[in-house]
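Thank you all for making time this morning. I would like to walk you slowly through one protein chain, and I will begin by putting it on the screen.

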Amino acid sequence: MRHARRTARRITRLAAVGGLLCGSLLVTRAIANEPGTSAPPVPAGERLVAQLGAARTAGSWLGADGRTVVAVTDAGAAADVRRAGARAEVVRHSMRDLRSAAATLRAAPRVSGTAWSMDYGSNEVVVRADSTVSAGDWSRLAGVARTIGASVRMERTRGTFTTRVDGASPIFASGGRCSAGFDVTDGRDAFLLTAGHCGPVGTTWFARPGDATALGTTVSGTFPGNDFSLVRYDDGVPRAPSDVVAIGGGRGVRITGAADPVVGQRVFRSGSTTGLHSGRVTGLNATVNYPEGTVTGLVQTTVCAEPGDSGGPLFADGLALGLTSGGNGNCDAGGTTFFQPVAAAMTALGVRLTGTSGDDDAEAGAGSGQARPGGDVAPSAPPAGSEAGAPGGGGTGTGVGTGTNMGGATDTGDGTASGTGTGADTGPVAAISRVVSTRSVGPGLLVIGGSLIALVAARSMRSSRRGRGAW
């Protein structure tokens with residue numbers, strides 16, 4: 001009997017200690033897996049390129065298997081890349097060569113309807129000319145390319161390179177319509193970040209055509225050169241949580257930070273005309289010669305877009321990446337779309353994403369969100385025709401609905417994406433939930449509590465037996 005009691009006590013203690021360890025692990029993992037407000041890590045390829053330098057590398061990208069590939073110009077750099085766990089590809093032209101080629105193209109006489117970007121995979125600067133470029137202009141540009149050498153490739157493309165403004169949609173101005181991008185704040189006021197070509201400083205925006213009350217006014221921005229602008233929400237606009245990008249069907253993706261995209265990365269775009277579509281990043285630092293002027297430093301992608309999608313958000317894995325600028329083609333035949341990098345735009349404007357570190361939720365309206373175009377106040381689930389993904393509807397590219405998808409949108413394989421949402425969350429609970437998921441922490445806390453009770457019970461049993469002289 002004494003041996004059985006001693007064995008039971010040992011089993012109870014071991015189970016309790018094991019429970020404490022398991023419960024602590026559950027809580028730790030729940031906290032670690034939730035998105036924080038720290039800056040995203042620098043991609044491995046970008047870090048290696050910076051370490052090795054522009055004379056020994058020529059960019060990096062994600063391979064089809066998801067592994068980082070770094071273009072290098074010598075065997076020593078290739079060995080360094082392999083030691084870092086990435087795949088090396090030896091190429092002829094360095095990043096310095098590619099940048100020199102791009103600089104020569106920029107210095108040549110401007111030809112509207114042309115664009116170029118660095119294709120890291122082919123180790124070339126690819127120049128594309130749309131259907132509006134005349135034979136004479138094409139010949140002159142080809143002559144410039146020949147003087148540069150083998151690092152430049154010339155291509156003709158269908159359609160025309162245009163900005164994506166149109167005549168009726170979620171955010172309206174006298175000059176046309178655009179899509180909302182991301183909600184941002186300078187710590188005091190609430191703003192909407194969208195494309196610069198949507199309207200110059202002083203443009204007044206409305207949630208619906210014919211509205212008597214303005215949504216906001218463009219207070220800063222630049223186009224051409226860059227393509228971003230800042231719309232200050234009017235004081236009378238009702239406020240609501242705004243760190244969510246709507247993806248249609250009442251679903252949304254919470255945006256937890258901003259980052260620069262990587263060549264080969266799968267990305268998603270939401271716009272007021274065509275809804276949600278996906279594709280891959282094919283080039284960085286692209287230059288596009290729109291009819292209105294030249295824009296540099298753009299992200300080139302295979303995502304489609306159409307008029308009215310301008311300014312809409314580009315994102316992936318819960319991170320803001322860019323703002324829709326322009327391109328060619330459409331969402332039936334496909335095409336190329338260029339995006340203004342959002343991190344560079346926010347740095348230039350001195351703002352940050354709403355809901356990220358530095359917001360003061362106690363101050364009403366100071367970066368805590370704002371009403372959505374297409375509705376007086378953003379509802380917990382968008383009404384019919386009000387979500388991004390309903391072409392021609394009254395939704396916006398960002399924040400319609402307060403559904404969340406902490407894991408980001410899910411690629412469905414057909415050029416669209418989906419996500420699951422939850423209801424609106426505000427106040428202290430929302431602030432805590434951004435750091436810790438109570439649904440994940442709960443089981444861990446229960447295990448810890450049960451284990452503590454078991455330890456106390458085991459100690460009590462031991463004390464009781466000692467009192468009777470049996471242990």
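How many disulfides does the structure hold? Before I answer, please keep in mind that what you see is a predicted model. The structure holds 2 disulfides, and if we count the bonded cysteines along the chain, they follow the pattern 1-2, 3-4. For those who are new to the term, a disulfide is a covalent bond between the sulfur atoms of two cysteines.

Let me take them one at a time. One disulfide joins Cys 178 to Cys 198, with a distance from S to S of 1.9 Å. This pair links distant parts of the chain, since Cys 178 sits in strand β9 (residues 176–178) while Cys 198 belongs to the loop between β11 (190–194) and β12 (204–205), 20 residues apart. The torsion about the S-S bond of Cys 178 and Cys 198 is about -100 degrees, and therefore this disulfide is left-handed. Are these two cysteines buried or exposed? Cys 178 has a relative accessibility of 0% and counts as buried, and Cys 198, at 10%, counts as buried too. The cut-off behind that word is a relative accessible area under 20%.

The other disulfide joins Cys 304 to Cys 331, with 2.0 Å from S to S. Here again distant parts of the chain are linked: Cys 304 lies in the loop between β20 (293–301) and β21 (313–316), and Cys 331 in the loop between β22 (319–327) and β23 (337–341), 27 residues apart. For Cys 304 and Cys 331 the torsion about the S-S bond is about 95 degrees, so this disulfide is right-handed. Cys 304, at 9% relative accessibility, counts as buried.

Strand β23 has just come up, and I would like to stay with it for a moment. It is mostly covered, with 5 of its 5 residues buried. Which strands are joined to β23 by bridges? On the one hand, 3 bridges join β20 to β23, and these two strands run antiparallel; here Thr 301 has Thr 337 of β23 as its bridge partner. On the other hand, 5 bridges join β22 to β23, which also run antiparallel, and in this case Leu 323 stands opposite Gln 340 in β23.

Now please look at an earlier part of the chain, where an open sheet of 3 strands has the order β1-β2-β3, with mixed pairing. Its edge strands, each of which pairs on one side only, are β1 (57–62) and β3 (87–90). Direction ignored, neighbouring strands of this sheet are turned against each other by 20 degrees on average. Strand β2 (residues 68–72) and β3 run parallel and are joined by 4 bridges, and one bridge partner is Glu 89 in β3, which belongs with Ala 71. Helix α2 (residues 44–52) packs on the sheet and touches β1 and β2, and its direction makes about 170 degrees with that of β1.

Helix α3 (residues 75–83) is a good place to practise reading a helix from its two sides. Its buried residues are Ala 77, Ala 78 and Val 81, and, seen down the axis of α3, they fall within an arc of 105 degrees, so they line one face of the helix. What do they pack against? The buried residues of α3 pack against α2, β2 and β3, whereas on the other side of the helix Ala 75, Arg 82 and Arg 83 are exposed.

That brings me to the interior. In soluble globular proteins, nonpolar side chains tend to be buried together. In this model the largest nonpolar core has 31 residues, and those with the most contacts inside it are Leu 105, Met 118, Tyr 120, Val 125 and Val 267. Several elements give two or more residues to this core, including β1, β2, α4 (95–107) and β19 (275–290), and the largest share, 5 residues, comes from α4. Apart from this core lies another, of 21 residues, among them Phe 182, Phe 191, Phe 315 and Ala 320.

Let me finish with the whole chain. The protein has 8 helices and 26 strands, and buried residues make up 49% of its 471 residues. Among contacts between residues at least 6 apart in sequence, 63% join residues at least 24 apart.

How values were computed:
Residues are numbered from 1 along each chain as its sequence is written. This is a predicted model: local features need pLDDT of at least 70, side-chain atom pairs count only at pLDDT 80 or more; totals for chains, interfaces and linings use all residues. Side-chain values use heavy atoms; hydrogens and water are left out. A disulfide is a pair of cysteine sulfur atoms within 2.5 Å. Buried means under 20% relative accessible area, exposed over 50%, partly exposed in between (1.4 Å probe, protein chains only). Two strands pair if DSSP finds at least two bridges between them. Axes are lines fitted to C-alpha atoms, for helices over the stretch in contact, and angles run from 0 to 180 degrees between N-to-C directions. Contact means heavy atoms within 4.5 Å. A nonpolar core is a set of buried Ala, Val, Leu, Ile, Met, Phe, Trp, Tyr and Cys residues joined through side-chain atoms within 4.5 Å. The arc is that of the directions from the helix axis to the C-beta atoms.
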